[in-house]
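What follows is a guided walk for a reader who is meeting this structure for the first time. Please keep the sequence and the model side by side while reading.

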Amino acid sequence: MSDPVTVEANEFGHLRLYALDVAPEHAKFLREPGAAEQLLGVEGLDSNEIEIFPVWDLEGFGLHDYLSEGCGIPEDQLDAEALDKIMGWVMLVRSAAFRGKAMDLTLDSRLEPVGCYREDRVDWSAEPLITKSAEPYSAPRTSPREARARSVRIGFAIFSIVMIAVLAGLLWLIL
């Protein structure tokens with residue numbers, strides 16, 4: 001066992017990458033719910049936020065590109081040479097796996113920490129919208145009297161059409 005790794009409460013946007021020193025048969029077993037918890041020494045993780053895969057599954061792409069392009073890790077955080085040296089199975093644990101709880105991970109000896117990376121955050125800021133239509137009270141104004149008169153006209157037109165249809169139907173039945 002190694003020194004505990006502390007995960008802060010409400011941690012967001014971190015990716016922890018571990019190299020696995022296990023046989024391929026055992027690594028496939030680690031994909032089962034709860035198995036990764038045993039390696040990390042904690043309970044209550046969201047297994048949907050944990051990926052366990054062999055690096056060779058990323059053929060033509062590589063672990064470096066997967067982290068930068070697929071996971072949104074900035075290039076300045078990644079060491080391409082070190083990531084290219086990893087050949088076996090890896091485990092990727094996202095912050096969401098901890099469900100916002102603070103945890104102390106006690107890593108199994110078969111886990112080798114590769115790095116803890118921070119995802120790029122989306123810049124949601126924008127310039128204020130400056131147009132006439134965005135100003136308060138910019139919609140055309142209609143007085144209550146005009147609105148009432150318009151609704152009366154529409155109601156009268158609909159009533160007239162219905163009455164004409166009824167009278168036409170009665171005349172057709174009579175003749």
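Glutamate 11 is a good place to begin, since at 15% relative accessibility this residue counts as buried. The model in view is a predicted one, and the values given here are to be read in that light. Glutamate 11 forms a salt bridge with arginine 16, and the closest N and O atoms of the two are 2.7 Å apart. Arginine 16 also counts as buried, because its relative accessibility is 6% and the cut-off for buried is under 20%. In general terms, side chains of opposite charge can pair when their charged atoms come close.

How many salt bridges are there when the count is made by this rule? The count comes to 3 salt bridges, and the pair of glutamate 11 and arginine 16 is one of them. Another salt bridge is formed by glutamate 51 and arginine 94, with the closest N and O atoms 2.5 Å apart. This pair links distant parts of the chain, for glutamate 51 is in strand 3 and arginine 94 in strand 4, with their positions 43 residues apart in the numbering. Aspartate 108 and arginine 110 form a salt bridge as well, their closest N and O atoms being 2.9 Å apart. Here aspartate 108 is buried, with a relative accessible area of 13%, whereas arginine 110, at 30% relative accessibility, counts as partly exposed.

The link between glutamate 51 and arginine 94 leads on to the strands that hold them. Strand 3, which covers residues 50-54, is mostly covered, in that 4 of its 5 residues are buried. Strand 3 and strand 4 run antiparallel and are joined by 5 bridges. Within this pairing, isoleucine 52 stands opposite methionine 91 in strand 4. As a general point, the side chains in a regular strand alternate between the two faces of the sheet.

From the strands the reader can turn to helix 3, made of residues 62-70, whose buried residues are Leu63, His64, Tyr66, Leu67 and Ser68. Which elements cover these buried residues of helix 3? The cover includes strand 2 (14-20), strand 3, helix 4 (80-85), strand 4 (89-94) and strand 6 (111-118). After helix 3 comes glycine 72, whose phi is positive, near 75 degrees.

Histidine 64 deserves a separate look within helix 3. With a relative accessible area of 12%, histidine 64 is buried, and a polar contact of 3.1 Å joins its side chain to that of glutamate 75. If residues up to four places away in sequence are not counted, histidine 64 touches Glu75, Leu78, Ala80 and Leu83.

Isoleucine 86 is found in the loop between helix 4 and strand 4, and, although it sits in a loop, it is buried, with a relative accessible area of 13%. Leaving aside residues up to four places away in sequence, isoleucine 86 touches Val55, Leu63 and Val114, and Leu63 is one of the buried residues of helix 3. Isoleucine 86 and serine 143, which are 57 residues apart in sequence, are 73 Å apart in space, C-alpha to C-alpha.

Two further loops hold residues with a positive phi that are not glycines. Asparagine 10, in the loop between strand 1 (5-7) and strand 2, has a positive phi of about 60 degrees, and at 61% relative accessibility it counts as exposed. Arginine 99 has its place in the loop between strand 4 and strand 5 (103-105); its phi is positive too, at about 55 degrees, but at 48% relative accessibility arginine 99 counts as partly exposed.

The last stop is helix 5, residues 144-174, in which tryptophan 172 lies. Is tryptophan 172 buried or exposed? Tryptophan 172 is exposed, because its relative accessible area is 68%, and the cut-off for exposed is over 50%. Tryptophan 172 also belongs to a nonpolar surface patch of about 1300 Å², whose other members include Ile154, Ile158, Val162, Val166, Leu170 and Leu175. As a general point that helps in viewing a helix, an α-helix has 3.6 residues a turn, so residues three or four places apart point the same way.

Conventions
Residues numbered from 1 in each chain as written. Predicted model: local features only at pLDDT ≥ 70, side-chain atom pairs only at ≥ 80, totals over all residues. Heavy atoms only, no water. Buried < 20%, exposed > 50% of the residue type's maximum accessible area, 1.4 Å probe, protein only. Helix = DSSP H or I, 4+ residues; strand = E, 2+ residues; numbered from the N terminus. Contact = heavy atoms within 4.5 Å. Pairing = 2+ DSSP bridges. Patch = residues over 30% accessible without salt bridge, like charges linked within 9 Å, V, L, I, M, F, W, Y side chains within 5 Å. Areas by Shrake-Rupley, 256 points an atom, 1.4 Å probe, with all protein chains shown as cover. Salt bridge = Lys/Arg side-chain N within 4 Å of Asp/Glu carboxyl O. Polar contact = N/O pair within 3.5 Å; in protein donor to acceptor, adjacent residues only side chain to side chain.
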